[in-house]
Amino acid sequence: MSSLLIYPILLPFGTAAASLLLWRKPALQQAVSLAGVIGHLTACIVLFSAVTEDGIQVLQVGNWPAPYGISMVADHLSVLMLMVTGILGTAAAFYARGELTAHSRAKSFHALFHVLLGGLSGAFLTGDLFNLYVWFEVMLMASFGLMTAGQRRAQFRGAVPYVVINLLATLLFLLGLALLYGLTGTLNMAHLHQKILTHEAQGLLTAIAFLFMAAFGIKAGMFPLFFWLPASYHTPGVAVSALFAGMLTKVGVYALIRTFSLVFHHDMATTHGVLLVIAGLTMVTGVLGAAAQNAFRRILSFHIISQVGYMLLGLALWTPLALTGTVFYLVHHMIVKANLFLVSGLGRDINGTMDLNRMGGLYQAYPVVAVLFFIPAFSLAGFPPLSGFWAKLLLIQASLQVDHYIVAAIAVAVGLMTVYSMVKIWIEAFWKPLPSSGAGDAAVSYSGWKMAPVCVLALITLVIGIGAEPVYRLADTAARELMAPQVYVEAVLGGGRP
Amino acid sequence: METALAIVSGSMVAGGIYLLLSQNLVRILFGLIMLSNAVNLVIFTAGGLTHTKPALIEAGRSVPGTTVANALPQALILTAIVIGFALLVFMFVLFYRSYEILGTIDTRQMAESDPEQPHAADTTTARQEGGL
């Protein structure tokens, strides 16, 4: 029993409430918001160190014993995701401080931002499926608000499909949940783990598993359910789109990993076999879609999809090494992708556009920005010794180990295609001289609010790349916990009780 | 009774999806309302339909004397209805504002108002609004 689990959820909601109360005092609201993200990050670090030292932490909310009450559980996977949430939340909040100064509709931004952080933390920590649904809805509501804040034309064009498709996904999730409850009589994931093996209606359970896969697949942007993602992620403000790109699809991936390791483990040949095919197709379509794009954030959006394919690949292969690769990939990808979106914002500040045809000259005018793009971009493409190299290496090695040569070949080829896209951005935006039609603004001076988060995230990418060992070991522990969920189940249900 | 409710919720899902496939935002909205109600009905049905007493414990006892109905599915539906209501209210406002700003409720026309280069229109407005 540990009450540490509640703080990463409580603090953001407290901050959100406080920033609503400070509606008329923007300066104070901003200060509270920044204090809030730092508090959240601290709470995440404390919980992280508790889990790495003492193992899985469990909180039975209201002291109702599992499976009757709601359990909050923090295992290695949860706290790793939570740590990245804390880091990205802080980075995005600081970037937004630089972005929002001239923006008139910033009042509701802070409240929504912190509700989103709270929802994310809740989703990573809950051990109950219905509770997970509630956290998903909390995140959705906040993300809808952030998506449309600013109310520009393009935002509405992006927000309508985003809202409809995400609503459909949660309805699918709720439908699967209802049927699962009808069959097993429980929604506690640890309890479900025990009940599902002995249940007689295995076929029905597999059908429900695919409902869950479709629901989380829409959230994660997996093939063929990803079309909403590139249609909407380039429309909101830069800090918001960085947080979305880093976190929101990855919550879907996290939910897939959680349910398809802990809950639906009865018919892995079918479920994980389908996942493997989908993973390959997701990688290929994402990267090909990116190759056809010509706007900075659109290219990055399509790359989210292809990278989600890599993560699904590790889950589908279901070996300790593959899962280690998936967890490593998640951590690496969230940081790198959020950073790339932030850098795209720096590029727009200089060139006044994100259309690559009209960008240019960044390398000559702003070499620091060029370096800050170079690190995450080539980490994403998998250049050694950056973090993406190790993530890809682990996954390719894992697929070779179990003789899945085709997927391994796809993973390598998609990595090469990623290099193509990144080089395209590099040449168009950084190397090419500024086209005469472009609006080059030579007098842009960067506020530290925007530069600091980008620098810190790039530094983290370098540290994960050069000192990969600690992250690898954490990912390895997380993977072992996922492969052998008995530890998790015992921690939640307390040994022999039902 | 289960069969009847299963048929009802199945046809509601079918109707909801039919409406969702439309190009008209108002129809899409009704489709989502129908779907979310269908899912609530599924929770109700899957929770088990029994003729038992409500889950109330008489004074002076700590456990119910007779078999009582499972209150959990109703709690789940209540939560789902509240959340669904909030989402639908947001969608009403979003669709109305989209109609005001984009001038259409036809999804195809909305997509067509997206120019060839998505950021051309994007950045001019962004610049006017202070560089976001």
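## Exercises on helices of a predicted model

Of the 32 residues of α13(A), 30 are buried, so the rest of the structure largely encloses this helix. The model is a predicted one.

**Exercise 1.** Work out what span is expected for helix α13 of chain A, and compare the model with it.

*Solution.*
- Take the limits. α13(A) covers residues 320-351, which gives 32 residues.
- Apply the rule. The expected span is 1.5 Å times one less than the number of residues. For α13(A) that comes to 46 Å.
- Compare. The first and last C-alpha atoms are 46 Å apart, close to the expected value.
- Look past the end. A:Gly352, just after α13(A), has a positive phi of about 75°.

**Exercise 2.** Find how α13(A) is oriented against helix α16 of chain A.

*Solution.*
- Locate the partner. α16(A) spans residues 387-401.
- Read the geometry. The two axes come within 8 Å and cross at roughly 155°.
- Classify. Angles over 145 degrees count as roughly antiparallel. α13(A) and α16(A) are therefore roughly antiparallel.
- Add the hand. The crossing of α13(A) past α16(A) is left-handed.

**Exercise 3.** Describe the packing of helices α11 and α12 of chain A, and sort their contact residues by character.

*Solution.*
- Set the limits. α11(A) holds residues 268-291, and α12(A) holds residues 296-317.
- Read the geometry. The angle is about 160° and the axes lie 7 Å apart.
- Classify. This angle makes α11(A) roughly antiparallel to α12(A).
- Add the hand. α11(A) and α12(A) cross in a left-handed sense.
- Sort the residues. The contact of α11(A) with α12(A) has 17 nonpolar residues, 8 polar ones and no charged ones.

**Exercise 4.** Check the length of helix α10 of chain A, locate its kink, and state its burial.

*Solution.*
- Length. α10(A) runs over residues 238-263, 26 in number, and should span 38 Å at 1.5 Å a residue. The end C-alpha atoms are 36 Å apart, which agrees.
- Kink. α10(A) bends by about 35°, and the kink is centred on A:Phe244.
- Burial. A residue with 20 or more other C-beta atoms within 10 Å of its own is buried. In α10(A), 26 of 26 residues are buried, and the helix is mostly covered.

**Exercise 5.** Summarise the elements of chain B and its burial.

*Solution.*
- Count. Chain B has 5 helices and 0 strands.
- Order. From the N terminus, its elements read α-α-α-α-α.
- Burial. Chain B has 132 residues, and 27% of them are buried.

Key: Residues are numbered from 1 along each chain as its sequence is written. Chains are lettered from A and ligands numbered from 1 in the order in which they are written. This is a predicted model: local features need pLDDT of at least 70, side-chain atom pairs count only at pLDDT 80 or more; totals for chains, interfaces and linings use all residues. Helices (H or I, at least four residues) and strands (E, at least two) are DSSP runs, numbered from the N terminus. A residue is buried if 20 or more other C-beta atoms lie within 10 Å of its own, exposed if 12 or fewer, and partly exposed in between; C-beta atoms are placed from the backbone. Axes are lines fitted to C-alpha atoms, for helices over the stretch in contact, and angles run from 0 to 180 degrees between N-to-C directions. Angles under 35 degrees count as roughly parallel, over 145 as roughly antiparallel, 65 to 115 as roughly perpendicular and the rest as oblique. A crossing is left-handed if the near helix is turned anticlockwise from the far one by less than a right angle, and right-handed if clockwise. Ala, Val, Leu, Ile, Met, Phe, Trp, Tyr, Cys and Pro count as nonpolar, Asp, Glu, Lys and Arg as charged, and the others, Gly among them, as polar. The bend at a residue is the angle between axes fitted to the seven residues ending there and the seven starting there.
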